[in-house]
Every structure is written in C-alpha cells, then in structure tokens.
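Reader: I'm new to this one. Can you walk me through it?

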Amino acid sequence: MSASISSLIKHPLVFRGRDHRHTADGEEARLPFGQANLDKACAGGGAAPGAKEARLPLGRANLDKACAGGVPAAGAMSIRALAGQGELQLLNNVLLQKAATQKRIIWLPNRMHLNPNWMSQTPYQQQSWVVNTTNEADALWACEQAIRSQACCCVVMYLAQIEPKAARRLQVLARQYDCLVVLVHPGHRSPGALPVNIDMELMFNSRQWFVHLHRVSGAWPQQHIAIEHPLPASNSAIVNAFRQYSNSAATAIHEVS
Amino acid sequence: MHWLYLHFPRLQLDQFEQLHPEQTAPTVVIDGTDNTVCQLSAAAITVGIKPGMGLAEVTAMHAQTWIIEYSANSESSQLEQLATTLYAIASDIVCVASNGIAINLSPLVRYYQGLDNFMALCERTLTAQRVHFHFGSGTTIEIARVLARSRVNRVETEPELADYHLKNCSLQATELPAREMEQLNRIGIRKLGQLIALPLEEIGKRFSNRIITYLLAIKGVKQPPYSLFHPRKLFSQYLELPYAVESAPGLSRYIAVVLGNNCTYLQKRNLATDTLQFELQQREHDNLVFVVNAGTAHHHLSEWQMLVDLKLEQLTLDSPVTSLTLTCDQLVEFDPENLSLLQSTYSRHAENMLLGKLLARLGNDSVKTVQQINEHRQDYTLQQTSPLHNSPASSEANGQQPAWLMVQPQPLTEQTQILYGPERIHTGWWDENPVKRDYFLAVTGKGQRLWVYRDEQQHWYVHGYFG
C-alpha cells in the first residue's frame with residue numbers, strides 16, 4: 001500500500017466501519033435512546049476494544065493496587081485456593097457490585113453443597129441459582145450457556161482442575177457477553193498462569209495471608225501481596241476482655257481491707 | 001347443502017416425503033392385510049410399479065424399493081391434523097374414513113363472497129401442508145366423495161354438470177363392497193350412471209339395505225348422518241416412524257414435525273405451554289415417557305426444538321422406537337409482556353431460556369434457588385427449591401454459617417486451632433433425630449477454616465468450610 005493511500009484512509013474524517021473513532025475530534029457522535037441500559041449496550045459496554053476496562057475493587061487496598069484497580073468486570077478470573085480458605089470472603093465486594101445489575105448469579109459448586117443458611121444471609125440470595133452437575137464437563141457446559149444467555153452477571157464455578165484451553169474459551173465468551181466468571185480450583189495441576197484476566201493464588205503462611213498474582217491484565221504479576229483476611233468470627237473479644245480484666249485490681253471480687 | 005370432499009390418496013407417503021425429502025428411490029406403502037401396494041411415489045410409478053401389486057412383484061420390478069407398512073393410526077392422526085388446520089378457514093368439517101375430509105360449502109359461499117375465493121384459500125392451505133389431494137363437490141358427501149375419488153378436481157355449482165360427471169364415474173370410485181361390485185360387473189354395469197338408472201325396487205330385491213341407503217345418498221335423496229369435527233382442546237399427535245430409530249438423537253427430525261404442528265396450534269390460539277410430554281413406543285420394551293420443561297410458557301418452535309434436542313442427548317433407548325406421541329395438555333394464555341425488546345427493566349426472557357436449557361440437559365432438579373428453613377440441624381438444611389416456585393425468604397440469621405457443607409460430617413483427622421466457639425446446638429429431642437453438638441471454627445495449618453463440632457461422646461467432626 002502506498003504512503004499516500006495509507007495517509008488517506010487514516011484521515012480522521014474518513015468513515016471506517018470497524019473503527020468507532022471516525023470523527024474529527026476522535027469521539028463518535030451518538031444519540032441517546034434515553035434508557036440507560038440500552039445506551040450502554042449501544043456504546044459497546046465495557047468490552048469495546050480500546051475502551052477503558054471497568055474494574056471492580058476487591059476492597060483490599062494493596063491487592064486492588066496490584067490488580068490495576070480491581071477485577072475486570074467482564075471476563076474470567078481464577079482463584080487458586082483450598083476449600084475453606086475464604087475465597088468467597090475475598091470476593092464478597094466484587095460479587096456485591098456485580099449483583100447490583102439485578103441479573104442472575106450462577107453457582108456451579110460441582111459436587112459440593114452450598115449452605116442455604118449462609119446464602120440466605122447474603123444480599124444476592126434472591127438472584128442466585130445453584131446448578132448441580134455430576135461432572136466437570138457438564139459444569140463447563142452450564143457455565144458457557146449461562147454466559148451466552150446474557151441473563152447472568154456472574155458465574156462462580158468450583159473445579160478440581162481447569163485446562164488452559166477451557167479457561168481461554170470462558171475468558172473470551174465472558175468478555176463478549178459482559179459476564180464475570182470466577183473459577184475456583186486448588187491450582188495444583190495448573191503450573192502456568194491461566195489465560196484469564198486475573199489468576200491469583202491465596203496462601204497462608206503461619207499468621208499472615210498472602211496473594212500471589214500469577215497473571216493480571218493491565219499490570220505485572222506480583223508475589224506475596226500481604227492482605228487482611230479476617231476470620232468470620234473469633235473469640236478474640238472474650239480473650240482480650242479476660243486478659244484485660246484479670247489483671248485489674250479494681251475488678252477483684254474480694255477486696256482485703 | 002353443498003359439500004366439498006377432499007380425498008387424500010397417499011397421506012402416509014406424503015408424510016414420509018416430508019420427513020425424508022432426500023429420498024429419491026422408489027417408495028411404496030404396503031397394506032399388511034393382503035401385502036399389496038396401496039400408495040406409491042412418483043419414482044415408483046416411473047419404474048413400473050402399480051397399485052395393487054404384490055410385495056414379491058414390487059421387489060422383482062425394482063430391488064431397491066423402499067417399503068413402508070401401512071398404518072391406519074398414522075393416517076387418522078394426519079387427517080385430524082389436516083382437519084384442525086382447515087378448521088381455521090371452514091366451520092362444518094367432517095372427517096370421513098381415514099383419508100377424506102368433507103366441508104360444508106353452503107355457509108362459506110356468503111362468508112368468502114364466492115366459492116372461488118374459498119377454494120383458492122383451501123388449495124393454498126393444503127399445498128402448504130405438502131399433501132396430495134383431489135376434490136369434488138355435490139349435494140351429499142357421497143356424491144362429492146365419488147367425484148373426488150374420480151379426480152374430477154372441480155367444484156360444480158350447476159346440478160346438471162355435477163350429475164353429468166357423476167354418471168361418468170366408474171364403480172371403482174364408489175364405496176360399494178367388492179362383492180357387490182363384482183356382481184354388477186358381471187351384468188355389465190361398470191359406470192355409476194348405469195347403476196343410478198336402475199329402479200331402486202329391483203336393486204332392493206338383489207342387494208342389501210346398505211346398498212340402497214348408499215344409492216339414495218348418491219342420488220342426493222337422503223344424506224346419512226355424520227358427526228362434525230371439533231378440534232381437541234389439548235394438543236396431541238401420534239407419528240408413525242417410517243422405520244425403527246435406534247438412537248435418541250435420531251428422533252429429533254421426527255419430533256420436529258410434531259413440534260412444529262404443536263407450536264402452530266398454540267400460536268393460532270394465542271396459547272403457550274411450559275411442559276411437553278413425549279411417549280416413545282419401543283419395539284421390544286414398554287413405552288418410554290419423558291417430559292421437557294421450559295423456564296416459561298411459550299410457543300416458539302426453535303426454542304422448543306433446542307430443549308428437546310438437549311433432552312434427547314441425555315436419553316437412552318431400551319430398544320428401537322417405532323412411533324411417538326406428543327401431548328401438550330398444560331396450556332396457558334400467551335403473555336407477550338416478557339418479550340418486549342425495549343423494556344427498561346431486565347427482561348426475564350433470556351433467563352427463562354437459560355433455565356429451560358439447563359433443565360433439559362441436566363435434569364429437572366438440577367437448578368435450585370436457596371431458601372433458608374427454620375431448622376438448626378444443618379443436616380436438614382440441604383434442601384433447595386426449584387426456581388420455578390418462588391417462595392419468600394426467611395431473613396433470620398442462624399449463627400455463624402459456613403458457605404460449604406458436607407453431606408455427611410467427616411471425622412476431624414488433622415491438627416487444628418480453635419478460634420471461635422462453642423455454639424451449642426441442642427435440638428430435635430422431640431423427634432427421632434436429637435442433636436447435641438458444640439460447634440467451633442477451627443483453622444488448619446494451611447489456613448483452611450473448618451466448621452467442626454464435638455458430639456456428646458467427645459468425638460470431633462468436620463461439618464463444613466468457611467468459603
């Protein structure tokens with residue numbers, strides 16, 4: 001292609017069908033429908049190439065900073081964690097933000113049993129569906145259908161193992177259909193970073209919780225990010241109270257005059 | 001009265017050709033009672049096969065001929081389907097035998113402002129159904145039937161012309177029994193005109209009253225009583241398969257036909273359904289019944305077809321299927337509110353479609369919403385409800401709850417540190433499952449937060465994980 005033709009087709013006033021920025025000031029003129037969700041859809045949502053990706057903060061300052069602001073609102077993320085390491089607690093802020101869309105949240109526990117009493121205490125109970133599958137192939141199929149349906153804002157899937165190919169497929173679909181897919185797996189069998197927006201590992205080292213970021217879109221991977229990961233409940237208040245008041249003379253039951 | 005008779009000479013073959021449009025080999029339908037050809041395709045005519053030929057003769061003429069066994073049930077079902085379709089354009093319809101439909105034209109002349117208008121609409125409707133048909137008209141159903149079977153294919157409004165056509169018809173086109181027809185042939189009577197010319201008293205001396213009644217109808221003197229057709233209030237269709245199908249996915253193309261009819265039926269009545277019941281007749285086993293549920297009641301063919309295909313993927317047949325029946329009896333009035341394109345709120349349509357897909361592939365109890373129940377024993381809380389049945393949620397907190405539960409508590413085998421507890425649960429003393437446990441939150445060396453309990457025997461168990 002000659003330089004003159006090249007310069008001609010790059011002219012800002014020449015309409016190019018695949019490029020949104022074809023006006024002189026670089027902004028595409030759009031007439032709003034007057035309905036927020038429709039206008040957003042017509043604008044390409046958060047998934048338009050080149051557009052700034054919407055991110056949902058996790059609520060932990062240093063982790064959000066390492067993740068370039070939080071978890072991308074559309075796409076897949078992987079959490080490598082053992083059962084009971086508090087992965088849902090870590091994600092709570094993200095799930096709450098996604099739940100605000102009023103779309104469905106699909107849980108694919110994959111042979112685990114979600115506690116109804118726990119779920120009933122969450123704000124997104126009414127919009128949650130638990131899909132029980134007998135094998136991981138069905139779970140992946142159900143996840144894909146949920147993404148494609150555009151009825152779901154988030155899919156939380158527990159797996160024993162996830163292949164990079166399957167992860168990539170979910171990542172592409174989730175970005176296309178504006179859905180957040182959370183893949184929770186132990187991570188032993190996935191040595192490399194998965195092709196998803198965020199691939200993080202939750203680790204506990206004697207008294208401190210760390211997050212290893214194997215992959216982050218928009219930032220560099222980081223290791224040993226210390227986070228606060230409090231227990232859902234503890235006896236610390238009682239222990240502290242006993243510790244404080246057991247040494248106080250003022251609270252002694254029997255005083256010797 | 002003026003009747004139109006529609007004669008469908010090859011209903012079963014028409015259906016076969018609809019199901020297998022790719023089939024170009026000669027195809028015949030064999031009547032199992034005498035093993036003779038009763039219906040034959042254009043390709044079969046080309047190779048020289050004729051109606052009435054025996055099975056051996058057919059195979060001798062063309063070894064690669066497709067042979068289908070005649071099924072009266074299949075034709076009756078098709079005829080009912082056609083009558084249901086025609087009911088949209090005509091009111092007084094009579095189903096005659098297994099391959100004829102009579103329509104009373106008298107009220108339609110005024111309604112359609114002329115017979116030609118109605119006939120054009122009728123022919124167009126039947127052509128869309130892809131069936132071969134011939135027609136004739138007369139003052140009684142019997143006259144119209146003879147003319148249709150003689151392939152007159154005209155609607156005569158002038159009595160003289162109709163009479164002329166009738167008299168030229170062969171006795172083969174009548175409903176006279178074969179024995180009586182043979183008797184008449186022997187005395188040289190081969191045309192209907194010759195038979196009509198004979199005095200009824202003379203015929204009465206030699207033939208039964210049944211023949212006299214028939215001749216009175218042919219002469220237009222007296223019409224035998226017929227009951228008018230009324231479409232069923234529920235949809236049900238039987239389909240005989242051209243050959244036994246061994247795998248469930250192979251049934252998809254056949255189910256598509258009845259499914260299409262069902263959706264058309266629903267759309268024309270502004271009805272919808274969320275449940276379809278299929279009954280598969282297996283050759284060597286009992287009938288197999290399965291139900292397909294959709295997330296919401298609707299009447300869209302493509303969506304139902306997708307759900308049925310998903311269900312068929314999961315289905316295992318015990319033996320080849322020879323026929324199937326679709327029944328749709330849970331009908332509701334169609335509510336298009338959810339299908340609005342520009343709804344400001346989130347449309348439930350996509351959600352219902354997803355639910356239908358998940359139920360079809362993973363089973364009817366695979367998708368649940370979670371509801372809290374008033375029970376402190378966690379073994380009883382593994383109860384979830386279907387998303388199709390919403391019930392108000394209880395908001396009462398029930399202590400510190402883990403996200404994940406074990407179906408059966410497992411003995412605690414690893415070293416842990418208790419960081420919270422105890423929470424005592426002492427309940428169920430009034431029934432057969434009393435529980436007295438002290439629950440704790442314990443942490444392992446890897447940071448796993450376990451929900452453990454100690455029972456009365458001081459044994460420790462893991463009951464769940466804090467996610």
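Author: One term first: two residues are in contact if their C-beta atoms, placed from the backbone, lie within 7 Å. Now the ground rules. This is a predicted model, where local features need pLDDT of at least 70, side-chain atom pairs count only at pLDDT 80 or more, and totals for chains, interfaces and linings use all residues. Residues are numbered from 1 along each chain as its sequence is written, and chains are lettered from A and ligands numbered from 1 in the order in which they are written.

Reader: OK. What is Val182(A) in contact with?

Author: Its partners are Met77(A), Ile79(A), Leu91(A), Cys154(A), Val156(A) and Met157(A), leaving aside neighbours within four places in sequence. Val182(A) also ranks among the residues with the most contacts inside the largest nonpolar core, along with Leu108(A), Cys143(A), Val155(A) and Val181(A).

Reader: How many residues has that largest core?

Author: It has 115 residues. A second core of 39 residues lies apart from it, with Trp3(B), Phe133(B), Phe135(B) and Ala162(B) among its members. A nonpolar core here is a set of buried Ala, Val, Leu, Ile, Met, Phe, Trp, Tyr and Cys residues joined through C-beta atoms within 7 Å. Buried means 20 or more other C-beta atoms within 10 Å of a residue's own, exposed means 12 or fewer, and partly exposed is in between, with C-beta atoms placed from the backbone.

Reader: How many helices and strands are in chain A?

Author: Chain A has 8 helices and 11 strands. Helices (H or I, at least four residues) and strands (E, at least two) are DSSP runs, numbered from the N terminus. Chain A has 257 residues, and 39% of them count as buried. Take its contacts between residues at least 6 apart in sequence: 62% join residues at least 24 apart.

Reader: Now the two chains. How many residues does each give to the contact?

Author: Chain A gives 45 residues and chain B gives 45. On the side of chain B, helix 15 has the largest share, with 7 residues. By class, that side divides into 24 nonpolar, 16 polar and 5 charged. Ala, Val, Leu, Ile, Met, Phe, Trp, Tyr, Cys and Pro count as nonpolar, Asp, Glu, Lys and Arg as charged, and the others, Gly among them, as polar.

Reader: What does Trp118(A) touch?

Author: Gln401(B), Pro402(B) and Ala403(B), not counting residues up to four places away in sequence. Trp118(A) lies in helix 5 (residues 116–120) of chain A. It counts as buried because it has 24 C-beta neighbours inside 10 Å.

Reader: Back to helix 15 of chain B. At what angle does it pack with helix 6 of chain A?

Author: About 165 degrees, with the axes 9 Å apart. Axes are lines fitted to C-alpha atoms, for helices over the stretch in contact, and angles run from 0 to 180 degrees between N-to-C directions. Helix 6 of chain A and helix 15 of chain B are therefore roughly antiparallel. The cut-offs: under 35 degrees is roughly parallel, over 145 roughly antiparallel, 65 to 115 roughly perpendicular and the rest oblique.

Reader: Which residues of the two helices meet?

Author: Asp138(A), Ala142(A), Gln145(A), Ala146(A) and Ser149(A) meet Ala350(B), Met353(B), Leu354(B), Lys357(B), Leu358(B) and Leu362(B). That contact of helix 6 of chain A with helix 15 of chain B has 7 nonpolar, 2 polar and 2 charged residues.

Reader: What comes after helix 6 in chain A?

Author: A loop that leads to strand 7 (152–158) and holds Gln150(A). Phi of Gln150(A) is near 60 degrees, a positive value in a residue other than glycine. Gln150(A) is partly exposed, with 19 other C-beta atoms within 10 Å.

Reader: And Gln102(A), buried or exposed?

Author: Exposed, because it has 11 C-beta neighbours inside 10 Å. Its phi is also positive, near 70 degrees. Gln102(A) is in the loop between helix 4 (87–99) and strand 4 (104–108) of chain A.

Reader: Switching to chain B. How do helix 1 and helix 4 of chain B cross?

Author: At roughly 80 degrees, with axes that come within 9 Å. These two helices of chain B are therefore roughly perpendicular. Leu11(B), Gln12(B) and Gln15(B) in helix 1 meet Ser74(B), Glu75(B), Gln78(B) and Leu79(B) in helix 4.

Reader: What else do the buried residues of helix 1 of chain B pack against?

Author: Besides helix 4, they pack against strand 2 (27–31), strand 3 (36–40), strand 4 (66–69) and strand 8 (235–245) of chain B. Strand 2 of chain B holds Val28(B), which counts as buried with 26 C-beta neighbours inside 10 Å.
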